[in-house]
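Welcome! Here is a short briefing to read alongside the sequence and the 3D view, so keep both in sight as you go.

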Amino acid sequence: MAASRLELNLVRLLSRCEAMAAEKRDPDEWRLEKYVGALEDMLQALKVHASKPASEVINEYSWKVDFLKGMLQAEKLTSSSEKALANQFLAPGRVPTTARERVPATKTVHLQSRARYTSEMRSELLGTLLSEPEMDVRKRTGVAASQPVSEKQSAAELDLVLQRHQNLQEKLAEEMLGLARSLKTNTLAAQSVIKKDNQTLSHSLKMADQNLEKLKTESERLEQHTQKSVNWLLWAMLIIVCFIFISMILFIRIMPKLK
């Protein structure tokens, strides 16, 4: 099925946003955020469009738009560690947006932002270490007062701090994945229970309808039988009354009158 004009416009704007996200931007740059907002509106319109693409294609567009939106939100965070953690949970697109791309642009942007945030974390930690008073550094490292802090020791301490941050991020990611799996399992179990309850309820409603139809049929038969019984009883009573009346007349005629 040929792509509609709305989908073509969405692909062009998405490609433009990916290119802008890959470039180095000024902090006051506002166009990308506006473009991503326009992408969200176009994506919502495409979902209800008459000639909308397949669900897999729409899901791919949604992933890329959500990635760009999450990347912008991560850039607004103050700490580089928070930016790195938020960037770690972003999911880039799996399919290139245009035919000229060999690797999805969002994946490239994801790798670039991860490297940038790691570099920022390294710079912040290195600046923190270098800004500490010399006496505190000597007291913590046990070096003599006359010996300066070596670059090798600073690099080792920096790598240790980065490793701790990385381990903490991996632990948080594993916990969130475990919670997601648990939530998925509970959701599937609840869906199974609800499905069984719906089947039981449907069966009960079906049996109730059948019993109602049977009760209605039996009521009609009983009503007809009752009407027939009443008719026969009425005729029998009339015949008996007539017989008694005629018998009384004959009895009066036959028997002599009392003197």
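D159 is partly exposed in this predicted model, because its relative accessible area of 43% falls between the 20% limit for buried and the 50% limit for exposed. This residue belongs to helix 7. Let's look around D159 and then move on to other parts of the chain.

**Helix 7**
- The C-alpha atom of D159 is 9.8 Å from that of L125, and 34 residues separate the two along the chain.
- Helix 7 covers residues 151-254, and I254 is part of it.
- Is I254 buried or exposed? I254 counts as exposed because its relative accessibility is 67%, and the cut-off for exposed is over 50%.

**A nonpolar patch on the surface**
- I254 also helps to make a nonpolar surface patch of about 860 Å².
- Its partners in this patch are F245, I246, I249, L250, F251, I252 and M255.

**Nonpolar cores**
- How many residues does the largest nonpolar core have? It has 22, and those with the most contacts inside it are L10, L32, L39, Y61, L68 and M71.
- Helix 1 (5-22), helix 2 (31-47) and helix 3 (55-75) each contribute at least two residues to this core.
- Another core, of 5 residues, lies apart from it, and A84, Y117, M121 and L162 are among its members.

**A look at Y61**
- Which residues does Y61 touch, leaving aside those up to four places away in sequence? They are E7, L10, V11, L14, L43 and L46.
- L10, one of these contacts, is listed with Y61 among the residues with the most contacts inside the largest core.

Notes: Residues are numbered from 1 along each chain as its sequence is written. This is a predicted model: local features need pLDDT of at least 70, side-chain atom pairs count only at pLDDT 80 or more; totals for chains, interfaces and linings use all residues. Side-chain values use heavy atoms; hydrogens and water are left out. A nonpolar core is a set of buried Ala, Val, Leu, Ile, Met, Phe, Trp, Tyr and Cys residues joined through side-chain atoms within 4.5 Å. Buried means under 20% relative accessible area, exposed over 50%, partly exposed in between (1.4 Å probe, protein chains only). Helices (H or I, at least four residues) and strands (E, at least two) are DSSP runs, numbered from the N terminus. Contact means heavy atoms within 4.5 Å. Patches are made of residues with over 30% relative accessible area and no salt bridge: like charges are joined within 9 Å, nonpolar side chains (Val, Leu, Ile, Met, Phe, Trp, Tyr) within 5 Å. Accessible areas come from the Shrake-Rupley method with a 1.4 Å probe; for residues, only the protein chains shown count as cover. A salt bridge is a side-chain nitrogen of Lys or Arg within 4 Å of a carboxyl oxygen of Asp or Glu.
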